[in-house]
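Please read the following report with the sequence and the three-dimensional structure side by side, and look up each residue as it is mentioned.

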Amino acid sequence: MDVAMHYWTREDLSQHNSARNPWFNIYDNGKTDIGFENEKMDRLSLQEKGMLALIRQWLCLHKNLTKTEREELIKLLTNEPAEKLNIKNAENCR
């Protein structure tokens, strides 16, 4: 399984963030790991169903998405080619 560690930028994190260097991995099998420091292996690991529960709840509770953000999510869900989307690593989104 080929996986690269991804890091959030300061702009991605809230003012309440206390993780020193938060990261995440998303595996081919749908599992996701979220860590708090790149050197430590303490992490939150989610099965595909756990990740779907997180996304579903966030979408249900978060009503401040712009029209553009909503359209981008819809395109992702309808398998729009990643090259057409505003994604930093489009080659990783297939």
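Which residues form a nonpolar patch on the surface? The patch consists of Ile-55, Trp-58, Leu-59, Leu-73 and Leu-76, which together have about 400 Å² of accessible area. A patch is made of residues with over 30% relative accessible area and no salt bridge, where nonpolar side chains (Val, Leu, Ile, Met, Phe, Trp, Tyr) are joined within 5 Å and like charges within 9 Å. Accessible areas come from the Shrake-Rupley method with a 1.4 Å probe, and for residues only the protein chains shown count as cover.

This is a predicted model, in which local features need pLDDT of at least 70 and side-chain atom pairs count only at pLDDT 80 or more, whereas totals for chains, interfaces and linings use all residues. Residues are numbered from 1 along each chain as its sequence is written, and side-chain values use heavy atoms, with hydrogens and water left out.

**Overall layout**

The protein has 2 helices and 4 strands, and from the N terminus on its elements run β-β-β-β-α-α. Helices (H or I, at least four residues) and strands (E, at least two) are DSSP runs, numbered from the N terminus. Of the 94 residues of the protein, 15% count as buried, where buried means under 20% relative accessible area, exposed means over 50%, and partly exposed lies in between (1.4 Å probe, protein chains only). The accessible surface of the protein comes to about 8000 Å², and 51% of this belongs to carbon and sulfur atoms.

Returning to the nonpolar patch, the elements that give two or more residues to it are helix 1 (48-61) and helix 2 (67-77). Helix 1 provides the largest share, 3 residues. Ile-55 has its place in helix 1, and it counts as partly exposed because its relative accessibility is 38%.

**The sheet**

The 4 strands form an open sheet in the order 1-2-3-4, with antiparallel pairing; two strands pair if DSSP finds at least two bridges between them. Strand 1 and strand 4 are the edge strands, each pairing on one side only. The table lists the strand pairs with their bridges and one pair of opposite residues for each.

| Strand pair | Sense | Bridges | Residues that stand opposite |
|---|---|---|---|
| Strand 1 and strand 2 | antiparallel | 2 bridges | Tyr-7 and Trp-23 |
| Strand 2 and strand 3 | antiparallel | 4 bridges | Ile-26 and Thr-32 |
| Strand 3 and strand 4 | antiparallel | 4 bridges | Thr-32 and Leu-46 |

Strand 2 and strand 3 form a hairpin with 5 residues between them, and Gly-30 in the turn has a positive phi of about 90 degrees. In a regular strand the side chains alternate between the two faces of the sheet. Strand 2 shows such an alternation, since Trp-23 and Asn-25 point to one face and are buried, while Phe-24 and Ile-26 point to the other and are not.

Thr-32 is found in strand 3 (residues 32-35), and it is buried because its relative accessible area is 4%. If residues up to four places away in sequence are not counted, Thr-32 touches Asn-25, Ile-26, Tyr-27, Leu-44, Ser-45, Leu-46 and Met-51, a contact being heavy atoms within 4.5 Å.

**Pairs of side chains**

A search of the whole structure finds 1 aromatic pair. The rings of Trp-8 and Phe-24 have their centres 4.7 Å apart and their planes at 40 degrees, so the pair is tilted. Rings of Phe, Tyr and Trp (its six-membered ring) pair if their centres lie within 6.5 Å, and planes under 30 degrees apart count as stacked, over 60 as edge-to-face and the rest as tilted. Trp-8 counts as partly exposed because its relative accessibility is 32%.

The same kind of search finds 2 salt bridges, a salt bridge being a side-chain nitrogen of Lys or Arg within 4 Å of a carboxyl oxygen of Asp or Glu. Arg-43 forms a salt bridge with Asp-33, with the closest N and O atoms 3.5 Å apart. This pair links distant parts of the chain, with Arg-43 in strand 4 (residues 43-46) and Asp-33 in strand 3, 10 residues apart. Arg-43 is partly exposed at 39% relative accessibility, whereas Asp-33 is buried at 8%.

Lys-67 and Glu-71 also meet in a salt bridge (4.0 Å, N to O). These residues are 4 residues apart in helix 2, so they are separated by about one helical turn.
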